[in-house]
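Me: I am new to this structure and would like a close look at a single part of it, the packing of one pair of helices. Please start there and then work outwards to what surrounds that pair.

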Amino acid sequence: MELLGLFHYWVFAVLLMIGFYAVTAKSNLIKKLIGLSIFQAAVFLLYITMGKVEGGTAPILQAGIDNAILSNPLPQVLILTAIVVGISTTALGLGIIVRIKEEYGSIEERDIQEIDRR
Amino acid sequence: MTELFGVFLLTFMVITAVAIVHTRHLLVAVILTGIFSLLMAANFFLLDAADVALTEAAIGAGISTVLFLAALALCNEHERAYTSSRLLALSVVTVVTLIVIYATFDKPRFGDPQAPVHQHVAPWYFDTTREAIDVPNVVTAVLASFRGYDTLGEVFVVLTAGIGVLFLFGVRPTRKSEMPNTTAPEPGQGLRHYLIPRVVGRLLIPFILLFGLYVQFHGDYGPGGGFQAGAIIAAAFILNALLEGESQALQVMPQKLLTGLMAGGALLYGGVGVVTLFMGGNFLDYSVLAADPVSGQHWGILLIEAGVGITVTGVLISIYHAFASREKH
């Protein structure tokens with residue numbers, strides 16, 4: 001039971017580093033951006049996991065029930081807006097990648113650096 | 001049982017993430033990203049974050065996948081096999097993973113009500129929401145009222161990103177005279193000639209729009225709000241654009257109108273703040289909007305959520321059109 005509770009945090013660590021690996025080791029720019037979204041998703045998971053209260057339910061108050069166990073709404077508010085901001089910045093990144101493709105003819109970091117060196 | 005399901009979802013998420021990084025076919029990677037987001041959304045729901053799950057499902061699994069596909073259509077679908085510093089990256093990643101896992105042993109037990117996160121301000125937000133704002137969904141109350149400044153900032157980040165994409169692609173509002181003749185056959189006419197997507201899509205769009213409006217206006221009482229509704233409504237319009245083609249979709253919703261929506265929503269949000277200033281309150285203090293402070297809060301939340309929804313809808317549809325109407329070079 002104790003280990004099961006830590007499982008969420010382990011998955012957070014593993015996902016974070018899978019995303020980080022894609023950002024650092026992959027040469028393809030779209031792959032890097034996908035890696036960045038996995039990294040981002042891992043952080044979202046950490047926050048939401050911390051807000052969970054055992055036996056709780058979604059933080060929506062119900063009339064007449066005062067002693068309901070509710071999970072913490074604050075991490076949820078943070079992550080809710082972060083997801084929307086995340087997609088907007090990802091879209092901006094994709095836009096830059098498309099422009100790079102149009103100028104350099106490639107989305108591989110290696111090729112782009114080679115063209116720049118010439 | 002729920003916990004086992006959670007473990008199942010988390011394990012699958014790790015497998016999907018490994019597959020995403022491993023595959024060299026970018027189309028496969030993008031589709032897997034959609035599946036990853038859907039698993040994430042289900043997991044958020046298990047963790048009691050209904051609002052976040054709704055957002056992740058609409059944005060991560062829906063709009064994000066479409067945007068990646070639109071960008072892929074303009075780039076190569078295959079990733080080239082470059083292997084540089086792979087061993088170094090792998091060793092760094094392994095070491096950091098082990099360090100983070102070691103650190104998790106000091107974390108409070110999962111779901112522990114005595115954990116520090118739940119001790120400081122969280123009870124205050126619950127109590128004050130009951131007294132001063134009186135909307136059932138505490139997430140909405142915190143988002144729109146207590147942390148109204150943050151949300152205003154985030155709306156402007158979304159707006160800025162939208163403006164950035166439009167600038168990058170040099171999108172201009174189409175004038176009447178420049179409108180392409182729709183009777184002539186043209187390449188970007190979507191899936192109009194495929195019977196099943198067209199029939200199913202046309203049937204779905206009104207219901208998606210209705211659900212979007214429900215999520216928008218029921219956000220005070222249940223899971224929902226401007227961010228989620230904006231994404232859902234944008235998804236309906238993007239589905240329409242996929243089915244009917246670009247030019248048809250831009251006639252339904254011209255770029256000029258979309259740009260207006262982008263700016264108008266943010267302006268509505270900021271305008272509510274200025275109005276509260278003139279009515280003698282602090283910036284974004286909705287209590288002064290009506291004679292009764294609690295109903296003033298209700299009005300304020302309704303208005304700024306509408307502003308958020310309008311901006312998010314405008315930005316997401318504009319970004320989609322910016323990608324989709326671009327020709328491959």
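Reply: In this predicted model, the axes of H2(A) and H3(A) come within 10 Å of each other and cross at roughly 175 degrees. Angles over 145 degrees count as roughly antiparallel, and the two helices H2(A) and H3(A) are therefore described as roughly antiparallel to each other. Where H2(A) meets H3(A), the residues of the contact divide into 16 nonpolar and 7 polar, with no charged residue among them.

Of this pair, helix H3 of chain A covers residues 73-104, which makes 32 residues. From its first C-alpha to its last, H3 of chain A reaches 46 Å, and this is close to the 46 Å expected at 1.5 Å a residue. Just after H3(A) comes Gly105(A), which takes a positive phi of about 80 degrees.

A single residue helps to show how this part is put together. Ile79(A) is found in helix H3 of chain A, and it counts as buried because it has 24 C-beta neighbours inside 10 Å, where 20 or more are needed. Leaving aside residues up to four places away in sequence, Ile79(A) touches Phe44(A), Tyr47(A) and Ile48(A), and it also touches Val52(B) from the other chain. Another residue to set beside it is Leu45(A), which is 34 residues apart from Ile79(A) in sequence, while their C-alpha atoms are 9.0 Å apart in space.

The contact with Val52(B) leads on to the interface between the chains. Here 72 residues of chain A are in contact with 82 residues of chain B. On the side of chain A that touches chain B, the elements that give two or more residues are helix H1 (2-25), helix H2 (29-51) and H3 of chain A. The largest share of that side, 24 residues, comes from H3(A). Sorted by kind, the residues of the side of chain A that touches chain B divide into 44 nonpolar, 20 polar and 8 charged.

Across the interface, chain B holds 12 helices and 0 strands, so that, as helices and strands are assigned here, its pattern read along the sequence is α-α-α-α-α-α-α-α-α-α-α-α. The C-alpha atoms of chain B fill a box of roughly 60 × 55 × 35 Å when this is taken along the principal axes. Of its 329 residues, 43% count as buried. Among the contacts in chain B with a separation of 6 or more, 71% are accounted for by residues 24 or more positions apart.

Chain B is divided into domain 1, residues 1-119, and domain 2, residues 121-329. The C-alpha centres of domain 1 of chain B and domain 2 of chain B lie 26 Å apart, and the contact takes 15 residues from domain 1 and 19 residues from domain 2. On the side of domain 1 of chain B that touches domain 2 of chain B, the residues divide into 11 nonpolar, 3 polar and 1 charged.

A second helix pair, this time in chain B, can be set beside the one that opened this answer. The axes of helix H5 (residues 122-133) of chain B and helix H6 (residues 138-146) of chain B come within 10 Å and cross at roughly 75 degrees, and that makes H5(B) roughly perpendicular to H6(B). In this contact Tyr125(B), Phe126(B), Thr129(B) and Ile133(B) of H5(B) meet Val138(B), Ala141(B), Val142(B), Ser145(B) and Phe146(B) of H6(B). The residues of the contact of H5(B) with H6(B) divide into 7 nonpolar and 2 polar, with no charged.

Two loop residues of chain B deserve a look for their backbone angles. Most residues other than glycine have a negative phi. Asp48(B), however, has a phi near 70 degrees, a positive value in a residue other than glycine, and it is found in the loop between helix H2 (26-46) and helix H3 (50-73) of chain B. Because 24 C-beta neighbours lie inside 10 Å, Asp48(B) counts as buried. Leu284(B) also has a positive phi, of about 65 degrees, although it is not a glycine, and Leu284(B) lies in the loop between helix H11 (255-278) and helix H12 (293-324) of chain B. With 22 other C-beta atoms within 10 Å, Leu284(B) is buried.

Terms used:
Residues are numbered from 1 along each chain as its sequence is written. Chains are lettered from A and ligands numbered from 1 in the order in which they are written. This is a predicted model: local features need pLDDT of at least 70, side-chain atom pairs count only at pLDDT 80 or more; totals for chains, interfaces and linings use all residues. Domain bounds come from an automatic or database domain assignment. Two residues are in contact if their C-beta atoms, placed from the backbone, lie within 7 Å. Ala, Val, Leu, Ile, Met, Phe, Trp, Tyr, Cys and Pro count as nonpolar, Asp, Glu, Lys and Arg as charged, and the others, Gly among them, as polar. Helices (H or I, at least four residues) and strands (E, at least two) are DSSP runs, numbered from the N terminus. The expected span of a helix is 1.5 Å times one less than its number of residues. A residue is buried if 20 or more other C-beta atoms lie within 10 Å of its own, exposed if 12 or fewer, and partly exposed in between; C-beta atoms are placed from the backbone. Axes are lines fitted to C-alpha atoms, for helices over the stretch in contact, and angles run from 0 to 180 degrees between N-to-C directions. Angles under 35 degrees count as roughly parallel, over 145 as roughly antiparallel, 65 to 115 as roughly perpendicular and the rest as oblique.
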